Amino acid sequence: MHTCKTGYNNDSWIGHGQGYTVSGGLQWLSDAKPTVPWFHVTCNRSNLPKHSFIFWLRSHNRLLTKDRLKRFGIFHDEVCYLCVVDDETHTHLFYDCQYSSRCCMMMQNILGVRLRPELLQQWIKSSRGRSRLQQQIVGACHVALVYAIWEARNHARHHDSVVLPRLQVKNVINRVIQRFWATNTTRLSDKEIIWIEKVKCQL
Ligand SMILES: [Zn+2]
């Protein structure tokens, strides 16, 4: 199980109420740790490193959206660059924005997967009724779409124009499939080949 854990609080070791010792550190490490739910989504050979990095930043709410910039004292306005309707926050940009919703819907139609983004990790983890190829491609497309939305946001910011959702989605799936073929070392089943060809026909 992949985990993360914080051993220090304000530069003070938190393990068992004593100063740090090797044995105390090992004991602390062996305790139950919280699972990082998105770990298996980022560890996918079909992910490009830059996609995984932006996905990681998004997962930690670290991207410099307008609400965060405002907290740092950098402020222009709060309106989302992509929809120009609501305020730009992480939640808005990746879940509620009309632009990202359209991208998500188009991607799901092409991949033949219908589910809300918050259920995706559960879907990828479950092998029921789907192949490893589908899990890998859908997971990598999800990570790449987060990157593509951030890329479209930055393009709109610098060029005052919004890339069509259809183009972003097709680029995302094309990039993922190319990456998959470049890294795949396993033989695909007939069912998997039919599925991936069906996806490619819609691009
Ligand atoms: Zn928006």
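Helices, of at least four residues, and strands, of at least two, are DSSP runs numbered from the N terminus. On that basis, the chain holds 10 helices and 2 strands. The model is predicted. Read from the N terminus, the order of elements is β-β-α-α-α-α-α-α-α-α-α-α. The two strands therefore precede the helices in the written order. The chain has 203 residues, of which 24% count as buried. Contacts between residues at least 6 apart in sequence were also considered; 64% of these join residues at least 24 apart.

Helix packing was examined next. Two packed helices are described by the angle between their axes and the distance between those axes. Three pairs are reported here, and helix H9 takes part in the pairs with H8 and with H6.

Helix H8 spans residues 132-159, and helix H9 spans residues 165-183. Their axes come within 9 Å and cross at roughly 135°. An angle over 145 degrees would count as roughly antiparallel, and 65 to 115 as roughly perpendicular. H8 and H9 are therefore oblique to each other. Their crossing is right-handed. On the H8 side, the contact is formed by Gln136, Ile137, Ala140, Cys141, Ala144, Leu145, Ala148 and Ala152. On the H9 side, the residues are Gln168, Asn171, Val172, Ile173, Arg175, Val176 and Phe180. Sorted by class, the contact of H8 with H9 comprises 11 nonpolar, 3 polar and 1 charged residues.

Helix H6, residues 98-111, also packs with H9. The axes come within 9 Å and cross at roughly 50°. Angles under 35 degrees count as roughly parallel. H6 and H9 are therefore oblique. H6 passes H9 in a right-handed crossing. From H6, the contact draws on Tyr99, Arg102, Cys103, Met106, Met107 and Ile110. These meet Pro165, Arg166, Gln168, Val169, Val172 and Ile173 of H9. By class, the contact of H6 with H9 has 9 nonpolar, 1 polar and 2 charged residues. Gln168, Val172 and Ile173 of H9 appear in the contact with H8 and again in the contact with H6.

The third pair joins H3 to H8. These helices pack at an angle of about 80°, with their axes 8 Å apart. H3 is thus roughly perpendicular to H8. H3 supplies Lys50, His51, Ser52, Ile54, Phe55 and Arg58 to the contact. H8 supplies Val143, Ala144, Val146, Tyr147 and Trp150. The residues of this contact divide into 7 nonpolar, 2 polar and 2 charged. Ala144 of H8 takes part both here and in the contact with H9.

Helix H10, residues 190-201, was considered separately. Its 12 residues reach 16 Å from the first C-alpha to the last. This is close to the 16 Å expected at 1.5 Å a residue. H10 is hardly covered, with 0 buried residues among its 12. Lysine 200 lies in this helix. A residue counts as exposed if 12 or fewer other C-beta atoms lie within 10 Å of its own. Lysine 200 has 12 such neighbours inside 10 Å, so lysine 200 counts as exposed. Lysine 200 and asparagine 174 are 26 residues apart in sequence, but their C-alpha atoms are 8.0 Å apart in space.

The loop between H9 and H10 contains threonine 186. With 8 C-beta neighbours inside 10 Å, threonine 186 also counts as exposed. Threonine 186 is separated from leucine 133 by 53 residues in sequence and by 9.9 Å in space, C-alpha to C-alpha.

Backbone geometry was examined last. Most residues other than glycine have a negative phi. Asparagine 61 is not a glycine, yet has a positive phi of about 55°. Asparagine 61 sits in the loop between H3 (49-59) and H4 (66-71). Because 12 other C-beta atoms lie within 10 Å, asparagine 61 is exposed. Valine 84 likewise has a positive phi of about 55° without being a glycine. Valine 84 is placed in the loop between H4 and H5 (90-96). Valine 84 is exposed too, with 12 other C-beta atoms within 10 Å.

Key:
Residues are numbered from 1 along each chain as its sequence is written. This is a predicted model: local features need pLDDT of at least 70, side-chain atom pairs count only at pLDDT 80 or more; totals for chains, interfaces and linings use all residues. The expected span of a helix is 1.5 Å times one less than its number of residues. A residue is buried if 20 or more other C-beta atoms lie within 10 Å of its own, exposed if 12 or fewer, and partly exposed in between; C-beta atoms are placed from the backbone. Axes are lines fitted to C-alpha atoms, for helices over the stretch in contact, and angles run from 0 to 180 degrees between N-to-C directions. A crossing is left-handed if the near helix is turned anticlockwise from the far one by less than a right angle, and right-handed if clockwise. Two residues are in contact if their C-beta atoms, placed from the backbone, lie within 7 Å. Ala, Val, Leu, Ile, Met, Phe, Trp, Tyr, Cys and Pro count as nonpolar, Asp, Glu, Lys and Arg as charged, and the others, Gly among them, as polar.
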